[in-house]
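Visitor: Could you take me through the loops with the odd backbone geometry, up close? I'd like to know where they sit, and then what's going on around them.

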Amino acid sequence: MRHPSLRSRALLLCALALPALSAPPTHAAPPVPDKLIVLTFDDSSASHSTVARPVLKRYGFGATFFITEGFTFAKNKTDYLTWPQIAELHRDGFEIGNHTRDHLSITEKTVPRLAEQLAVIADRCREHGIPPPVSFAWPGNKFHVAALPVLHQAGIRFARRGGEPEVPYAIGGGVAYEPGLDHALLIPTAGDARPSWSLENLQRAVALARGGRIAVLQFHGVPDGEHPWVNTPRERFEEYMAWLHAEKFTVIAMRDLARYVDENAVPANPLAIMERRKSAQPAPTAIPPPPAPAPAARPSAP
Ligand SMILES: [Zn+2]
């Protein structure tokens, strides 16, 4: 739920020496249709089985559930899924993705621990009749390019980050995934659901899904007892899904991106597109406009 510090980001940029961005891929996959949405759920919340599952099944939506045994997963079965529930989600046709055993925050320092963290979740999946995950969500949305070869080695084809660095975390917004410009292991979130969200926030996020771009939505618990800052109340979640269905969005799991995207066509510098988007946006700290005249006539803020 947090992002690389400015310092670590600067280190990454130095390490990459900024080669030119490669051209978008040309491959045999069908073109990306408008209104294509990837639905993702993080942190093994029990509500993914009790609330999300029946709603998604009702509408025939695909989704990826990113599983970690971090937080109080081992003992707190009020708030967290059991492995039999995770296996049931798999049997229903949903995707089970990897979110590391301990919800490991990925930094240059922790990258050496990543392979084992991924392997534990993959092993648990095998034990419960679930194929080893091919999708990954960066825990806390914190990413580091040094981890990309480790993910690739572990058989991960698609990985989701947050809306940062392009959009500040607090807003819960993001940007659309642009295949070939975004690295398939650094797919941005278009909308990161928050308790303050209304249907309008969701609509803004999915409106980005056009012109070859794909909108990836990030949910936590629906509701989420242990992570209130990313809670989505049940009624809101049901409202969002009903609207997506009524508006005829195509809602898929992350692994299903393989139908439309060549994950091997990656930019030479995976951070370049983020920097390009950031420099194209007005800085949030831009100098404010001059004050309006006649301040005495204006009411003061509460
Ligand atoms: Zn998480």
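**Odd spots in the loops**

Guide: Let's start with P165, which you'll find in the loop between β5 (158-160) and β6 (191-192). Keep in mind that this is a predicted model. What makes P165 worth a stop is the bond leading into it: E164 and P165 are joined by a cis peptide bond, with omega at about 10°. For some background, most peptide bonds are trans, and most residues other than glycine have a negative phi. Further along, the bond from V222 to P223 is cis too, and its omega is near 15°. P223 has its place in the loop between β7 (215-219) and α7.

Now for phi. K35 isn't a glycine, yet its phi is positive, at about 65°. Look for K35 in the loop between α1 (6-16) and β1 (36-42). With a relative accessibility of 31%, K35 counts as partly exposed. N141 also has a positive phi, near 60°, and it's a residue other than glycine as well. This one lies in the loop between β4 (135-137) and α5 (148-153). Unlike K35, N141 is buried, because its relative accessible area is 6%, under the 20% cut-off.

Next to N141 in sequence is K142, and that takes us to another loop. I106 belongs to the loop between β3 (95-98) and α4 (111-127). I106 and K142 are 36 residues apart in sequence, but their C-alpha atoms are 5.9 Å apart in space. I106 is buried, since its relative accessibility is 1%. What does I106 touch? Setting aside neighbours within four places in sequence, its contacts are V111, L114, W138, P139, K142, F143, H144 and A147.

While we're around there, have a look at the zinc ion. Its protein donors are D43 (OD), H99 (NE2) and H103 (NE2), at 2.0 to 2.1 Å from the metal. Along the sequence, these donor residues follow the spacing D-x55-H-x3-H. H99 counts as buried because its relative accessibility is 1%, and H103, at 15%, counts as buried too.

Let's get back to α7, the helix that follows the P223 loop. Helix α7 (residues 234-246) meets helix α6 (residues 199-206), where the axes come within 10 Å and cross at roughly 45°. That angle makes α6 oblique to α7. On the α6 side the contact uses L199, L202, Q203 and V206, while α7 brings E239, Y240, W243 and L244. By class, that's 6 nonpolar residues, 1 polar and 1 charged. The crossing of α6 past α7 is right-handed.

For a second helix pair, try α2 (residues 47-59) and α3 (residues 83-91), with axes 10 Å apart and an angle of about 25°. They are therefore roughly parallel to each other. H48, S49 and R53 of α2 make the contact with Q85, E88 and L89 of α3. That contact has 1 nonpolar, 3 polar and 2 charged residues. Here the crossing is left-handed.

Stepping back, the protein chain has 8 helices and 8 strands, and 53% of its 302 residues count as buried. Among contacts between residues at least 6 apart in sequence, 76% join residues at least 24 apart. The pairing of I106 with K142, 36 residues apart in sequence, is a handy one to have on screen.

Conventions. Residues are numbered from 1 along each chain as its sequence is written. This is a predicted model: local features need pLDDT of at least 70, side-chain atom pairs count only at pLDDT 80 or more; totals for chains, interfaces and linings use all residues. Side-chain values use heavy atoms; hydrogens and water are left out. Donors are N, O and S atoms within 2.8 Å of the metal (3.2 Å for Na, K and Ca); water is not among the atoms, so sites may look incomplete. Buried means under 20% relative accessible area, exposed over 50%, partly exposed in between (1.4 Å probe, protein chains only). Axes are lines fitted to C-alpha atoms, for helices over the stretch in contact, and angles run from 0 to 180 degrees between N-to-C directions. Helices (H or I, at least four residues) and strands (E, at least two) are DSSP runs, numbered from the N terminus. Angles under 35 degrees count as roughly parallel, over 145 as roughly antiparallel, 65 to 115 as roughly perpendicular and the rest as oblique. A crossing is left-handed if the near helix is turned anticlockwise from the far one by less than a right angle, and right-handed if clockwise. Contact means heavy atoms within 4.5 Å. Ala, Val, Leu, Ile, Met, Phe, Trp, Tyr, Cys and Pro count as nonpolar, Asp, Glu, Lys and Arg as charged, and the others, Gly among them, as polar.
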